[in-house]
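Please load the model in a viewer and keep the selection tool at hand. The stops below are arranged so that each selection leads to the next.

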Amino acid sequence: SAETGASAGTSAETGATQTPETTLDPMSNEAKFGHIDQTVPENGVYKIWNSEGVRLMIQHPEANFELLCNVDMQGATLTPIEEFTGELNGGNCVISNFTLQGGAEESFGFVTVNKGNIHNLTLLNVTFLPGSAKYIGTIAGSNEGKLTRCTLSGTIAVEAQQGGAIGSLVGANNG
């Protein structure tokens, strides 16, 4: 500029070229929710808005979560949430495009055993690799809690073990 004698794009003090600030797409989840720290609950509820937040649910099956927007997992492989006892408010949002892989658990689903409250959640384009599970469902392998207004879109191509059960949302329901 004329006042400092520096040319455009350079710092007068260092002579280094300044990098222009990155502008976010104002419609992106980062722009809308990037100010929210998913790792700290707000009033006892983790506010989830991206794939890192979805992975956080796996680490805290006793916690309460609220999905703020659709989350595209972009082909990630996840392990199921073990014995979920919290509340998951899906916010009528979609978690999509991921593989769910299990091992030798008796139940297999996004949640292995639901003892909590899951509502208003949709799973879309999920590949299920349940290992040797006996009870298989997309939302919960076994449900002992409450599921309300949960949906899925996609295909499950697995076989049940002798005496086992496969359901589109829940493998075994006692809730």
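**Stop 1: a serine in strand β9**

Begin by selecting S142, which is buried, with a relative accessible area of 8%. The model is a predicted one. S142 lies in strand β9. Display the side chains of S142 and S107: a polar contact of 2.5 Å connects them. Next, show the residues that S142 touches, leaving out those up to four places away in sequence: S107, T112, V113, N114, Y135 and A172. One of these, A172, is the bridge partner of S142 in β13.

**Stop 2: the sheet around that serine**

Extend the selection to the strands. In what order do the three strands of this open sheet lie? The order is β6-β9-β13, with parallel pairing. Colour β6 (111-114) and β13 (170-173) as the edge strands, since each pairs on one side only. Seen along the sheet, neighbouring strands are turned by 10 degrees against each other on average, direction ignored.

Now examine the two pairings separately. β9 covers residues 140-143 and pairs with β13 in the parallel sense over three bridges. β6 and β9 also run parallel, joined by three bridges. In general, strands of a sheet pair through backbone hydrogen bonds, either parallel or antiparallel. Select N143 to see both sides of β9: N114 stands opposite N143, and in β13 the bridge partner of N143 is N173.

**Stop 3: the largest nonpolar core**

Clear the selection and turn to the core. The largest nonpolar core has 31 residues. Select V54, I95, F98, F110 and L121, the residues with the most contacts inside this core. To see which elements surround them, add β1 (45-48), α2 (51-59), β2 (64-67), β3 (71-78), β4 (87-101) and β7 (117-129); these are the elements that give two or more residues to the core.

Then centre the view on V54. Beyond its neighbours within four places in sequence, V54 is in contact with I48, V71, M73, L78, I95 and F110.

**Stop 4: two cysteines**

Select C69 and C93 together. How many disulfides does the structure hold? The count is zero. C69 is in no disulfide, and its nearest cysteine sulfur, that of C93, is 6.2 Å away. Why is there no bond from C93? The closest cysteine sulfur to that of C93 is the one in C69, and the 6.2 Å between them is too far for a bond, because a disulfide requires the two sulfur atoms to be within 2.5 Å. Is C69 buried or exposed? With a relative accessibility of 7%, C69 counts as buried. C93 is buried as well, with a relative accessible area of 8%.

**Stop 5: two positive phi angles**

Finish with the backbone. Most residues other than glycine have a negative phi. Select Q74, in strand β3: its phi is positive, about 50 degrees, although it is not a glycine. Q74 is exposed, with a relative accessible area of 70%.

Move next to N120, in strand β7. N120, likewise not a glycine, has a positive phi of about 55 degrees. Is N120 buried or exposed? N120 is buried, with a relative accessible area of 12%, whereas Q74 is exposed.

Methods:
Residues are numbered from 1 along each chain as its sequence is written. This is a predicted model: local features need pLDDT of at least 70, side-chain atom pairs count only at pLDDT 80 or more; totals for chains, interfaces and linings use all residues. Side-chain values use heavy atoms; hydrogens and water are left out. Two strands pair if DSSP finds at least two bridges between them. Helices (H or I, at least four residues) and strands (E, at least two) are DSSP runs, numbered from the N terminus. Axes are lines fitted to C-alpha atoms, for helices over the stretch in contact, and angles run from 0 to 180 degrees between N-to-C directions. Buried means under 20% relative accessible area, exposed over 50%, partly exposed in between (1.4 Å probe, protein chains only). A nonpolar core is a set of buried Ala, Val, Leu, Ile, Met, Phe, Trp, Tyr and Cys residues joined through side-chain atoms within 4.5 Å. Contact means heavy atoms within 4.5 Å. A polar contact is a pair of N or O atoms within 3.5 Å; within protein, one must be able to donate a hydrogen and the other to accept it, and residues adjacent in sequence count only if both atoms are side-chain atoms.
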